[in-house]
Amino acid sequence: MLYRFARWQGGVANSVAKIADETAFTDAAQIPAYARETAAWAAENGLIRGSAGQFLPNAGATRAQTAAISHRFCEQ
């Protein structure tokens, strides 16, 4: 949702790095293909920082994590 809003506002560059090989997340290959561009954008912009070097694409977000992501987005 934040990614689409940022695109609508013009805040997303046309070229977003591929997350599989260009991030420090050890489990980046587990991110579904449909979500990779958005995940890369969130990581590149510091919205999602991961946990112990992992992106954890199959885990649900806690209320605290969601609040932190929203706060980081609003600060930008």
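Does Ala-52 count as buried or exposed, and at what relative accessibility? Ala-52 counts as exposed, because its relative accessibility is 81%, and exposed requires over 50%. The residue sits in the loop between H3 and H4. Its phi is near 55 degrees, a positive value in a residue other than glycine. Most residues other than glycine have a negative phi. All of this refers to a predicted model.

The overall layout comes next. The protein contains four helices and zero strands, and reading along the sequence gives the pattern α-α-α-α. Of the 76 residues in the protein, 22% are buried. Among contacts between residues at least 6 apart in sequence, 62% join residues at least 24 apart. Several such pairings between separate parts of the chain are described below.

Helices H1 and H3 are a convenient place to start. Two packed helices are described by the angle between their axes and the distance between the axes. For H1 and H3, the axes come within 10 Å and cross at roughly 80 degrees. The two helices are therefore roughly perpendicular to each other, since that term covers angles of 65 to 115 degrees. On the H1 side, the residues involved are Leu-2, Tyr-3, Ala-6 and Arg-7, which meet Glu-37, Thr-38 and Trp-41 in H3.

Two of these residues also carry opposite charges. Side chains of opposite charge can pair when their charged atoms come close. Arg-7 forms a salt bridge with Glu-37, with the closest N and O atoms 4.0 Å apart. The pair links distant parts of the chain, as Arg-7 belongs to helix H1 (residues 2-9) and Glu-37 to helix H3, 30 residues apart. The structure holds one salt bridge. Glu-37 counts as partly exposed because its relative accessibility is 39%, and the partly exposed class lies between 20% and 50%.

Further along H3, Ala-39, Ala-40, Trp-41 and Ala-42 are buried. Trp-41 is thus a buried residue of H3 that also takes part in the meeting with H1. Just after H3, Gly-46 takes a positive phi of about 75 degrees.

The loop between H3 and H4 also holds Leu-47. With a relative accessible area of 1%, Leu-47 is buried. Leaving aside neighbours within four places in sequence, Leu-47 is in contact with Trp-41, Ala-42, Ile-69, Arg-72, Phe-73 and Gln-76. Two residues in that list, Trp-41 and Ala-42, are buried members of H3. The C-alpha atoms of Leu-47 and Cys-74 are separated by 10.0 Å, with their positions 27 residues apart along the chain.

Arg-72, one of the contacts of Leu-47, lies in helix H4 (residues 63-75). Apart from neighbours within four places in sequence, Arg-72 is in contact with Gly-46, Leu-47, Ile-48 and Arg-49. Its C-alpha is 8.9 Å from that of Asn-45, a residue 27 places away in sequence. Arg-72 is buried yet has no salt bridge, and the nearest side chain of opposite charge, Glu-75, is 6.8 Å away. The cut-off for a salt bridge is 4 Å, so a separation of this kind does not qualify.

Which other charged residue is buried yet has no salt bridge? Asp-27 is such a case, its nearest side chain of opposite charge being Arg-36, 10 Å away. Asp-27 is found in the loop between helix H2 (19-22) and helix H3 (36-44). The side chain of Asp-27 does reach a polar backbone atom, the nitrogen of Leu-56, at 2.8 Å. Beyond neighbours within four places in sequence, Asp-27 is in contact with Gln-54, Phe-55, Leu-56 and Pro-57.

Leu-56 itself lies in the loop between H3 and H4, which also holds Ala-52. The phi of Leu-56 is near 55 degrees, again a positive value in a residue other than glycine. Leu-56 is partly exposed, with a relative accessible area of 36%, whereas Ala-52 counts as exposed at 81%. The loop between H3 and H4 therefore includes residues of each class, since Leu-47 is buried, Leu-56 is partly exposed and Ala-52 is exposed.

Notes: Residues are numbered from 1 along each chain as its sequence is written. This is a predicted model: local features need pLDDT of at least 70, side-chain atom pairs count only at pLDDT 80 or more; totals for chains, interfaces and linings use all residues. Side-chain values use heavy atoms; hydrogens and water are left out. Buried means under 20% relative accessible area, exposed over 50%, partly exposed in between (1.4 Å probe, protein chains only). Lys and Arg count as positive and Asp and Glu as negative; His and the chain ends are not counted. A polar contact is a pair of N or O atoms within 3.5 Å; within protein, one must be able to donate a hydrogen and the other to accept it, and residues adjacent in sequence count only if both atoms are side-chain atoms. Contact means heavy atoms within 4.5 Å. Axes are lines fitted to C-alpha atoms, for helices over the stretch in contact, and angles run from 0 to 180 degrees between N-to-C directions. Angles under 35 degrees count as roughly parallel, over 145 as roughly antiparallel, 65 to 115 as roughly perpendicular and the rest as oblique.
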